[in-house]
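Me: I would like a close look at one part of this model, namely the empty space inside it and what surrounds that space. Please take your time and connect the pieces.

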Amino acid sequence: MKSRLLEVCVVCLTILPAGVIAQTAPPTGTPPGVKPLVPDKILTDFNAVLVEGQPIERRPPEKADDKPAFPGQTRAPFHRTAPFNVKILTEKLRSPWSFAFLPDGKVLITEKPGSMRLLDSNGTLSKPVAGVPAVFNFGQVGLLDVALDRDFAANHRIFFTYSELVGDTDSNIVVARAIFDEAADALEKVEVIFRARPALPAKTLVDNQGGRIAIGRDGNLFVTIGDRSNSPPWDMAQKLDTDLGKIIHITPDGAPAAGNPFIGKAGALPEIWSYGHRSEEGLAIHPVTGQLWENENGPRGDDKLLRPRAGANYGWPVIVHGIDYPGEPIGQGITEKEGLEQSLYYWDPVIAPSGMAFYNGNLFPQWKGSVFIGSLRGRMLDRLSLSGDKVVNEEPLLLDMHNRVRDVRIGPEGAVYVLTDNGKLLQLTPK
């Protein structure tokens, strides 16, 4: 059975030099006489039978009576685009979480247990960078995102997020900044500029932590803070006196950014940008419009793609295109309510989206204007074509590699770089 599945696998490989995989986008349709593939690790955790113009997802929604709020909100048609090669730059990382490109061509990578490493153009991985503070590494948390200051070439400043122990039992997500001494491979002047409130039990409320950073054109930071809820979910994401379930907007010094929607409002934290979020795993600034985009994990159903606006409420856990993990409805089981914002797009069943990046490079003309989103449960790199705020087609990539994709970035030369949970950094270039 396994060999037969390989014959009709959605990705075809050819032989190239060691470390390089030639990959085309998946062929469409099902060969004559071959039964359509059902869920199998050869594909991913979802039932993907890739047919041009048809959705990649064929299973029923988790919420049996779910209906999208508008046409095209979910299950966009599949469209095959550009063939590409995959090169493994390293496979020696330990639970990597994020990365950033330095001006000298090296890549700075975070590892969740608490290390940063540099990868050079020869594929040499450095020893751990000195000066990284102690992090609380447990379950989903540890050392998380890293982002370069917009003036990094001049000031060598970086920002990063991690989970910090508070006392003996609690933890929270913090944002830190530091000066990166590239010659010494060391962080200097490390300073925590923001601590999410409140701190909560470290080992029982460890999920939905957030921790992604996006730096706006003005140099201020957007940071995701997850709601840290268990099942059934609590309503912390709806409360404005906590950072849980929010996107915050702060200056490089950690102060609330000017123009934040709740500055001066009683009972609301001034750093909040938007609320009603659950587990925000991807965050990016659109390279053309400068607008903030985000994705987040739902429970069973309702992984979301959003364009968060100042002061907007995105509904969690009041409206949900999904159900709770035991199978029960969440709250009143409704998917729409006046005053609560809908997602631009959602996946149901879930793919567990992670890091995201917009493609504005020149190596892949067919990918211009796309957004790439990593997938943990789906074990793929998902490419969405956009027309304004609307998703017009979807193309799952890297299905054959069976890797949980943690992060994706676009290199300065226009290649696509993908970080996987099993320790690999991949580079996608035209075939």
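How do the residues of the lining of the largest cavity divide into nonpolar, polar and charged?

Reply: This is a predicted model, and in it the lining of the largest cavity divides into 8 nonpolar residues, 1 polar residue and 4 charged residues. That lining has 13 residues, and those that lie nearest the centre of the cavity are Ile56, Glu57, Trp347, Asp348 and Glu394. Strand E19, which covers residues 345-347, gives the most to this lining, with 3 residues. The space in the largest cavity comes to about 100 Å³, and the count of cavities of 30 Å³ or more is 4. As background, empty space of this kind is found by rolling a probe the size of a water molecule over the atoms.

The setting is a protein chain whose secondary structure comes to 2 helices and 26 strands. Of its 431 residues, 58% are buried, and among the contacts with a separation of 6 or more, 59% are between residues 24 or more positions apart.

The pockets come next. The largest pocket holds about 870 Å³ of space, and it is lined by 24 residues, with Arg150, Ile215, Ile285, Arg409 and Ile410 nearest its centre. Strands E4 (96-101), E7 (143-148), E12 (210-215), E16 (279-285), E20 (353-358) and E24 (405-410) are the elements that give two or more residues to this lining. By class, the lining of the largest pocket has 18 nonpolar, 2 polar and 4 charged residues.

In the second largest pocket there is about 590 Å³ of space, and of the 36 residues that line this pocket, Gln140, Asn208, Ser279, Asn297 and Tyr325 are the closest to its centre. Strands E4 and E16 each supply at least two residues of this lining as well, whose residues divide into 12 nonpolar, 12 polar and 12 charged.

Strand E16 therefore deserves a closer view through one of its residues, Leu283, which is buried because its relative accessible area is 3%, under the 20% cut-off for that class. Leaving aside the neighbours within four places in sequence, Leu283 is in contact with Arg212, Ile213, Ala214, Phe222, Val223, Thr224, Ile247, Leu292, Trp293, Glu294 and Met356. A further residue to place relative to Leu283 is Leu306, which is 23 residues away in sequence, with 9.5 Å between the two C-alpha atoms.

Met356, one of the contacts of Leu283, leads on to a sheet. Its bridge partner is Ile373 in strand E21, and strand E20 pairs with E21 (residues 370-375) in the antiparallel sense over 4 bridges. These two strands belong to an open sheet of 4 strands, with the order E20-E21-E22-E23 and antiparallel pairing. E20 and E23 (390-397) are the edge strands, each pairing on one side only, and neighbouring strands of the sheet are turned by 25 degrees against each other on average, direction ignored. In general, strands of a sheet pair through backbone hydrogen bonds, either parallel or antiparallel.

Another group of strands, centred here on E9, shows such pairing in detail. E9 covers residues 170-181 and is mostly covered, with 9 of its 12 residues buried. Strand E8 (residues 157-166) runs antiparallel to E9 and is joined to it by 10 bridges, with Tyr162 having Val174 of E9 as its bridge partner. The hairpin of E8 and E9 has 3 residues between the strands, and in it Gly167 takes a positive phi near 65 degrees.

Val174 also stands opposite Arg195 in strand E10, and E10 (residues 186-195) runs antiparallel to E9, with 7 bridges joining the two. In the hairpin of E9 and E10, which has 4 residues between the strands, Asp185 takes a positive phi near 50 degrees. E9 has a further antiparallel pairing, over 2 bridges, with strand E11 (residues 200-201), where Leu200 is the bridge partner of Ser171.

To return to the empty space, the lining of the largest cavity has 8 nonpolar and 4 charged residues alongside 1 polar residue, the lining of the largest pocket has 18 nonpolar residues among its 24, and the lining of the second largest pocket has 12 residues in each of the three classes.

Note on methods
Residues are numbered from 1 along each chain as its sequence is written. This is a predicted model: local features need pLDDT of at least 70, side-chain atom pairs count only at pLDDT 80 or more; totals for chains, interfaces and linings use all residues. Side-chain values use heavy atoms; hydrogens and water are left out. On a 1 Å grid over the protein atoms alone, a cavity is a set of points where a 1.4 Å probe fits but cannot get out, and a pocket is an open set with protein on both sides within 12 Å along at least five of seven lines; lining residues have an atom within 4 Å of a point. Grid points are joined across faces, edges and corners, and a volume is the space filled by probe spheres set on the points. Ala, Val, Leu, Ile, Met, Phe, Trp, Tyr, Cys and Pro count as nonpolar, Asp, Glu, Lys and Arg as charged, and the others, Gly among them, as polar. Buried means under 20% relative accessible area, exposed over 50%, partly exposed in between (1.4 Å probe, protein chains only). Contact means heavy atoms within 4.5 Å. Two strands pair if DSSP finds at least two bridges between them. Axes are lines fitted to C-alpha atoms, for helices over the stretch in contact, and angles run from 0 to 180 degrees between N-to-C directions.
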